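Thanks for coming. I will go through one structure today, starting with a sheet and ending with the contact between chains.

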Amino acid sequence: MIQSWLTGTTAPLLAFQTSSFWMPRAGSLHGPAIDSLMRVSLLTLAAAGILAQILLLAGLFLPRERRPRFSPAWRWVASIIFVACMVWMTVVAENLWSTIRLTHAAPNAVQVEVTGVQFEWYFRYPGADGTYGAIKPNLVDAAGGNPLGLDPADPHSHDDIVTSVLELPVERQAEIRLRAQDVVHGFFIPGMRVMQNATPGMPSQIHITPTRIGDYAIICSQLCGLGHYRMHAILRVVSQQDFDTWLAQHQAASKEN
Amino acid sequence: MTNPANLEPRRPRSWLRRYVFTTSHRVVGVQYLLVALAAVVTGAVLSLFMRWHLAWADSLIPGWGLIKPEDYLALLTLHGTLMIFFVTSAAPQNGLASLILPEQLRGTRPSDSIARESGEPESEVRMALPFLNALSVWFTLFALVALLSTPFLPGGAAISGWTSYPPLSSNALAGPGQSYGMDGWLIAIALFSVGSLMSAISVLATVITRRLHGMKWMQMPLTVWSWFVAACMMLPAFTVLLAACGMLFSDRHFGTSFFFPPVDVMNGVVLHHAAGSPLLWQNLFWFFGHPEVYIAVLPAMGLTTTLLATFAGHSLAPRTYRIMVAATIAIGLLGFVVWGHHMFVSGMNPYVGRTFGLVTIVIAIPSAVEVIQWLAAIFAGGLRRTTPLLFILGFVSLFITGGLTGPILAQPILDAYLHNTFFVVAHFHLIMGMAVSFALFAAIYYWFPLLTGKRMSERLGRWHFWLSLIGAYAVFFPMHFAGLAGEPRQYAQLTGTAAFLQNLLPLEQFITMAAFLLVAAQLLFFWNLAHSWIRGEKSTPNPWDAGTLEWEAPENSLPARSAQ
C-alpha cells in the first residue's frame, strides 16, 4: 500500500519521463502526422493556458501599482491571436481528416471484417475468392465454432477465415469493415491512431496502413456491458511473406473443418 | 387604493405551508439546492467507490466487499446521471434562477389593476408562474427518488452510462441492470425533463413579464441574461430528451423499433425488429446533451461577469456589457449545432464530421472572448479578495484549463484517438464538473447573507477554496495523460485489460488519493455552512456593496420573506 502510494504521488513527475503516460509509438502511415498535430496543438494551448493562469495569479497577488498597464486594445489582439491559432489548427486538422477519411481504400488493400460481440473481437478474411460469405444470425453459435453465423450453404463462405487475432501485412493498406452483433462497440487501436464504432445494423468502413512490424493492442472504446474492460485483442503486423504463410495455414485449417 | 384584504393581518402559516408546500420563489430555490446537495453528496461518495476500485481492484470495500464490474458500471451510471442532471443542471439554472432571478428583476405585475383584482400584494416579488415553478422542483425530487431507487430493484441499477446508448439500453439481455434498472433510469430522466421544462417556462415568463417597471432588456444583469438564454435552450433540449426517453421506453415494452437494428444477436438470442437505427438515439441524445453543457455553464459565466464587476467596485462598462450579452446569445445559438462532435467515431459520414468540427471551433470564439474580458477585469485589479471572489477566480482558472482541450477534441482527426478516453473525462470534469461547482460555491458564499442575514466564515472559506482547487487539479489534470496513453473511460478495472493499460495503474492510484482529499475538503464547506447559519456573524443588508436589485430588499432573510 505504502509503495503504491509512493509511486502514486510521483506519477505526475514520471509522466514526462516514461512513455507509458503518453501516446504509444505510432505504427501507421498517418500516425506521425497525427502525433505532430497533437503535440503542436497541445503545446500551443498549454502555452495559452499557462499565460492565462499567470494573469490570474498576478490579478490575485500582485499589488496594483506593480502591474504593467496594458492598453484595452490587447483584448482584441489576444482574441485575434486566439482566432488565428484556431484557424491554423483547423486547416491542418481538416486536411489530415480529408487525407485519411475522405478517400477510398486502395484497390489492392487487404480485406478484413471486424465483428464486435460482447466481449470479443472476431476477424474475418474473405479467402481466395475475395468475397465474404453470407451470415445468418440464427446460425450464430460461439461454443459450436461459428461465432459469426457463417452460412455453410453459401459457397463464398467456404474459404472465409475467422480468427481472434488480427494479422496484417506491413506497408500495405488494409480495408476494415466494421460490424457489431449485439451492442455498439468501439474499435480502437491506439498504436494505429484509429478509432471507430462498430454499430449493429450499420456496417462501416475504415482503412489503415501499418508501417511498423510488431504487436498492437486492440481495445473496446464504447461501453458495451459488464465485460467492456476485458474486451481486447491483438493486431499483429508482419511482413507480406509471413502474412501469406499465416493466411495459407489458416486457409488449410478452415478447409479441414 | 389598496385592496382591503391586504390590510388584514394574515393568519400565520404552518411550517409545512411555509417551507414545503409553498410557491415562494426563495423556498423553491432552496429546495432545488437541497435536492442538488443530496445528489452531489451521493454522487461524490459513489465516485470514491469507483476510484477505489479502479486503483485497487482486488481490495475489499468495508461494508460492501468486492466491487464487481457490473457494480462499477452501475456506480458510473448513477454518478454521471446524478452529477449532470441533478447537480450541474438543477442547481445553477433551476435552483439559483428561482432563488435570485425575481429579486434581480424586482418587477411586480405588469398592470397594477390586475394585481389589485387578484388580491396579490403589489410589492410582492415572485416568479411569473409560481405554481409551475414550485411543481418543477417536485418533479425533480421524484426523479431523484426514482433514480436512487434503481439499485434496489431486481438486477440493480442500469449499467449503460449516463448516455445509455441502445441496443445496450434497449434490451434486458444486454446485461444486469438493463431490465428494471434501465426502466427506472428512463422514468427518472423523463420526470427530470418535465420538471426542467416547467422551470424553464417559468424562468422565461418571469424575465419577459416581471421586470421592474422601466427595466429594459439591455439593463438586465448578466446573470439574468444567462438564465434567460439557458432557459431558451432548455425548451428544445429537454423536449427532445423527453421524446427520446419515451421512444426508448416504447422500444423496450411496446414493440416499436426506433433504435433497434433489424437483427440483433444479444447474448445468443436472435431479436428481429423493424429497421430502426441505434444512431438515431445518439443524435437525439446529443441534441440534448451538448446544449445541456451550456445550460450548466452559462449561469456560471453570467455570475462570473457580474461578481467580477461587483468585487471591483464598479458596474460593467456598457461596451463590455454588450459584448458579454452578445457572447451569451451566440453560445446559446451555436450550442444547438455542435452535437455531432460527440459522434465523430460513430461511423457518421466523414463530411458531416468535418462540418461539426468547424462549428465547434466557432463556438470556442465567444467563450474565449468572455474569458479574455474576465482576465482583463481580473488583471486590472482592485478586486476585494473575498471568498466568493476566490471561487470565481477558481471558476475562471478551471474553465480555461478545461476549455482549452475543447479545440483539440473538436478536431475529428484528433478526437478519433482521444474519444472516450480519460482525456475527455479530464476535459468535461474540469469544465463542467469542477468549474460549475466552483461557481456554485461562489454563489452560495455570495448569497448566503441575503438568505440568512449571516456571514459565512472567510477564513474557513479560504481554506476550502485552496484545498478544493489543489484537489480539483490533482484529480483531473493527470487524467489527460491517462487519456493520451489511450486509457478508455468506463473500464471497471485495469487488471485483466490490455498490457499497456496496466502501466497506468500508479497514475490512477494517485488520482484516487487526490479524490479522497478533494471530497474531504468539502467537509470544511459543510461545517462553515452549518456553523455560520447558527452562529455566524451578522451581515449588513448589502455586505458586498453589490449593485444588483436583490440586495435592495428592506428585510431580506429567508424566514421573514417566506412568512409573507
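**The sheet in chain A**

Strand E2 of chain A, residues 120-125, runs antiparallel to E3(A), and three bridges join the two. Keep in mind that this is a predicted model. One of the residue pairs is at the end of the strand range I just gave: Tyr125(A) has Ile161(A) in E3(A) as its bridge partner.

Now the sheet as a whole. It is open, it has five strands, and the order in chain A is E3-E2-E1-E5-E8, with mixed pairing. Which strands stand at the edges? They are E3 (161-163) and E8 (204-208) of chain A. Each has a single partner strand, so one side of each is left without a neighbour in the sheet. From one strand to the next, the twist averages 25°.

On to confidence. The average pLDDT of chain A is 90, and 92% of the residues score at least 70. Two stretches need caution. Residues 1-7 of chain A stay under 50, and the model gives them four contacts beyond four places in sequence. Residues 13-18 of chain A are also below 50, with three contacts in the model beyond near neighbours in sequence.

Last, the two chains. How many residues of chain B are in contact with chain A? There are 80, and they meet 78 residues of chain A. On the chain B side, helix H12, residues 350-380, gives the most, with 15 residues. By residue class, that side of chain B divides into 55 nonpolar, 22 polar and three charged.

That is the end of my part.

How values were computed:
Residues are numbered from 1 along each chain as its sequence is written. Chains are lettered from A and ligands numbered from 1 in the order in which they are written. This is a predicted model: local features need pLDDT of at least 70, side-chain atom pairs count only at pLDDT 80 or more; totals for chains, interfaces and linings use all residues. Two residues are in contact if their C-beta atoms, placed from the backbone, lie within 7 Å. Helices (H or I, at least four residues) and strands (E, at least two) are DSSP runs, numbered from the N terminus. Ala, Val, Leu, Ile, Met, Phe, Trp, Tyr, Cys and Pro count as nonpolar, Asp, Glu, Lys and Arg as charged, and the others, Gly among them, as polar. pLDDT is the predictor's confidence in each residue, from 0 to 100. Two strands pair if DSSP finds at least two bridges between them. Axes are lines fitted to C-alpha atoms, for helices over the stretch in contact, and angles run from 0 to 180 degrees between N-to-C directions.
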